[in-house]
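Q: Pick one spot in this model and take a close look at it, then follow the thread outwards from there. Keep it relaxed, but don't skip the details.

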Amino acid sequence: MSYKVSDNHGKEAISLVGAYAEEIKAIMAEDRDVVQIEADLGACLLGGPDGVWSLPEGQIFDVGIQEANMVGVACGMSVAGKKPFVHSFAPFVARRANDVIAISGCYNRANVKMIGTDPGIFNANCGGTHTCYEDIGVLRSIHNLTIIDIADSAMLRNLMWQLAKLDGMVYIRMARKNVEKIYEVGSSFTIGKANLLREGRDVTIFSSGGMLGECFRAAALLEAEGISARIVDLFTIKPIDTEMIVRCGKETGAFVTVDNHNVLGGLGSAVCDVVGEEIPVPVEKIGLREKFAEVGTVDSLKKAFHMTAEDIARAAKRAISRK
């Protein structure tokens, strides 16, 4: 597997849901056992009615607004040999369907790929009921479950083909709209292995998904002050890449974790679990702290929750001072 980091982190021309729709159609054409199951939100993932129902006949199902049942149906279909992808907004997959994921899915060793869209700040203006800063924390303790945080369309396209062939329960969190470009087209990825995006010697910034662009901007701010920051994409949050975390601890001696999530239970907590067991280094966490979501633009929410490049740079200096 190989990946190439883009030199240009501007917004992508295609939305993540646009890339998803293209790839799922191609995957379905190759494998008739791959099916898409929706809970009345197909148009939010696959485009308008024409986009949703242009999927091959017998491979697209809508169970209505009943997310737990959607996951249960998918688990049953997987036992019968189908390879279901299911989708809803992140809170309705991770929170509302949680018991079904644990028992019908993971305990039963089912084979379902669950897409939770617009987690955290990417929900923006949809309100508290549709906003989820807890999805990783809710799901991370469940056995037999892989958790992946999608950075951009290049990652999504490559991983979808892998996931269609991978047997097991997987939760994929991703934004719906156009995100910042992190990887070049044609990049490939190894599930369970982190990606080193930028070398650095003084501090390691761990992040994933839609926060990586902010990390690059923070590294540039630090570089202007003579501080060398490493950036690592821990896109597989479970299983976490312990080897990479230990290596970075030995080589940089200080960590910042940047979560589009509550600081409890997310990527930062996963890193701290490794730190506590393997290599004690100072860790500063960026993420939502003990509050419910607010409504706003993505940029305004980053400022409100102290998740900007400037906040990350300040956290890096705090971590370095604690070495």
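**S78 and what surrounds it**

A: Leaving aside residues up to four places away in sequence, S78 touches P84, A110, N111 and V112. This is a predicted model, so everything here describes a prediction. S78 itself is part of helix α4, and its relative accessibility is 12%, which is below the 20% cut-off, so it counts as buried.

What does α4 lie across? Helix α4, residues 67-79, lies across β1 (34-38), β2, β3, β4 and β6. Its direction is at about 170° to β3. Angles over 145 degrees count as roughly antiparallel, so that is how α4 runs relative to β3.

Those strands belong to an open sheet of 7 strands with mixed pairing, in the order β2-β1-β3-β4-β6-β5-β10. At the edges sit β2 (60-62) and β10 (236-238), each of which pairs on one side only. From one strand to the next, the twist averages 20°.

Now zoom in on β4, residues 113-117, one of the strands α4 lies across. Is β4 mostly covered or mostly open? Mostly covered: 5 of its 5 residues are buried. As background, side chains in a regular strand alternate between the two faces of the sheet. In β4, K113, I115 and T117 are on one side, while M114 and G116 are on the other, and all of them are buried, so both faces are covered.

Strand β4 has partners on either hand. Strand β3 (residues 83-89) runs parallel to β4, and 5 bridges join the two; V86 has M114 as its bridge partner there. Strand β6 (residues 169-174) also runs parallel to β4, again with 5 bridges, and here I115 stands opposite I172.

The loops that flank β4 have something to look at too. R109 is found in the loop between α6 (98-107) and β4, and D118 is found in the loop between β4 and α7 (135-139). Neither is a glycine, yet R109 has a positive phi of about 55°, and D118 has a positive phi of about 55° as well. Why is that worth a second glance? Because most residues other than glycine have a negative phi. How do the two fare for accessibility, buried or exposed? R109 is exposed, with a relative accessible area of 62%, whereas D118, at 5% relative accessibility, counts as buried.

Follow the sheet to its β10 end and the pairing changes character. Strand β5 (residues 145-149) and β10 run antiparallel, and 2 bridges join them. The bridge partner of I147 in β10 is K238. K238 turns up again in the backbone geometry: a cis peptide bond joins K238 and P239, with omega about 0°. P239 is found in the loop between β10 and α10 (242-252). For context, most peptide bonds are trans.

Away from the strands, there's a helix pair to look at. Two packed helices are described by the angle between their axes and the distance between the axes. Helix α1 (residues 16-30) and helix α8 (residues 153-165) pack at an angle of about 30°, and their axes are 10 Å apart. That angle is under the 35 degree cut-off, which means α1 is roughly parallel to α8. Their crossing is right-handed. On the α1 side, L16, A19, Y20, E22, E23, I24, A26, I27 and E30 take part, and they meet S153, L156, R157, M160, W161, A164 and K165 of α8. Sort the residues of that contact by type and you get 10 nonpolar, 1 polar and 5 charged.

One last stop is C272, in helix α11 (residues 267-277). C272 has 25% relative accessibility, so it counts as partly exposed. Not counting neighbours within four places in sequence, C272 is in contact with V283 and K285. The C-alpha atoms of C272 and V5 are separated by 26 Å, and the two residues are 267 residues apart along the chain.

Methods: Residues are numbered from 1 along each chain as its sequence is written. This is a predicted model: local features need pLDDT of at least 70, side-chain atom pairs count only at pLDDT 80 or more; totals for chains, interfaces and linings use all residues. Side-chain values use heavy atoms; hydrogens and water are left out. Buried means under 20% relative accessible area, exposed over 50%, partly exposed in between (1.4 Å probe, protein chains only). Helices (H or I, at least four residues) and strands (E, at least two) are DSSP runs, numbered from the N terminus. Two strands pair if DSSP finds at least two bridges between them. Axes are lines fitted to C-alpha atoms, for helices over the stretch in contact, and angles run from 0 to 180 degrees between N-to-C directions. Angles under 35 degrees count as roughly parallel, over 145 as roughly antiparallel, 65 to 115 as roughly perpendicular and the rest as oblique. A crossing is left-handed if the near helix is turned anticlockwise from the far one by less than a right angle, and right-handed if clockwise. Contact means heavy atoms within 4.5 Å. Ala, Val, Leu, Ile, Met, Phe, Trp, Tyr, Cys and Pro count as nonpolar, Asp, Glu, Lys and Arg as charged, and the others, Gly among them, as polar.
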